[in-house]
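Here are some notes on the model you sent, set out as numbered points. They deal with the nonpolar residues, inside and at the surface.

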Amino acid sequence: MYSPVATGIFCFRNGGKTTNGDIGRLPVTVGQGAAAVKAVGESQSLFAKPVQTVLESCSELAKSDKFFNGVKKTVKFASDNVNPLIVASSGLKVLLAKKEDRKETIITESGCLAGMFLGEGWMKKNLDGILTSLASKNILPQGKWLPVIKGVLFVLGSITASTIGSKIGKKVAQHWDKPLVKEVKEQDKSETAYQPLSLKA
């Protein structure tokens, strides 16, 4: 997990999308929620011990209850496969789209995903170094606030990148079937047809 703070924010964001009818985001919300809870349990915060106790109790219950064990495995799978589930949710959106809107939806969703993955990939490689450098120059606060800033910036960067990708995809979709060069309109035959020369005076 790159950032527990970012994961928590994404969880709430995807939860909002789920309640607004984007049902494909439900598994993503579950996975990110589980990852965020696990991160809290492994942290040094005041909530770590209570969360660890709850997680241990869930593990014990899963050993004796087949249904709960199945739920636990499902949640773990979602937690370990958040990005594939995001891709799957976009695929579901394409399948549920109207036939006439399907081409535009698939191109727009592809742009959104490409933007998101490119943006997040760049941030995972560069954001830590940039923030550490800024903190060492006292431009940003150090200590406990730096992970919060990192998480918020990661979320904002991801949303911005996916939004730009989505808009580019939508533009491409709108011009997908249009010819690159405008066809020249045929002139009126009455104007272009050969008119024989009249010799009458």
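Leaving aside its neighbours within four places in sequence, which residues is Tyr2 in contact with?

1. This is a predicted model, and with that in mind the contacts of Tyr2 beyond its neighbours within four places in sequence are with Met123, Lys124, Leu127, Asp128, Lys150 and Phe154.

2. Tyr2 also belongs to the largest nonpolar core, a set of eleven residues in which it is joined by Ala6, Phe10, Met123, Leu127, Leu131, Ala135, Leu140, Leu146, Phe154 and Val155. At least two residues of this core come from each of helix H1 (4-19), helix H6 (102-136) and helix H7 (145-174), and the largest share, four residues, is supplied by H6.

3. Separate from this is a second core, made of seven residues, among them Ala78, Val82, Ile86 and Leu113.

4. Turning to the surface, Ile23, Leu26, Val30, Leu92, Leu95 and Leu96 make up a nonpolar patch of about 550 Å². Helix H2 (26-41) and helix H5 (82-96) each contribute at least two residues to the nonpolar patch, with H5 giving the most, namely three residues.

5. Within that patch, Leu26 deserves a separate word: Leu26 lies in helix H2, and its relative accessible area is 41%. Because this value falls between the limits of 20% and 50%, Leu26 counts as partly exposed, and since patches are made of residues with over 30% relative accessible area, the 41% of Leu26 is above that cut-off.

Technical notes. Residues are numbered from 1 along each chain as its sequence is written. This is a predicted model: local features need pLDDT of at least 70, side-chain atom pairs count only at pLDDT 80 or more; totals for chains, interfaces and linings use all residues. Side-chain values use heavy atoms; hydrogens and water are left out. A nonpolar core is a set of buried Ala, Val, Leu, Ile, Met, Phe, Trp, Tyr and Cys residues joined through side-chain atoms within 4.5 Å. Buried means under 20% relative accessible area, exposed over 50%, partly exposed in between (1.4 Å probe, protein chains only). Contact means heavy atoms within 4.5 Å. Patches are made of residues with over 30% relative accessible area and no salt bridge: like charges are joined within 9 Å, nonpolar side chains (Val, Leu, Ile, Met, Phe, Trp, Tyr) within 5 Å. Accessible areas come from the Shrake-Rupley method with a 1.4 Å probe; for residues, only the protein chains shown count as cover. A salt bridge is a side-chain nitrogen of Lys or Arg within 4 Å of a carboxyl oxygen of Asp or Glu.
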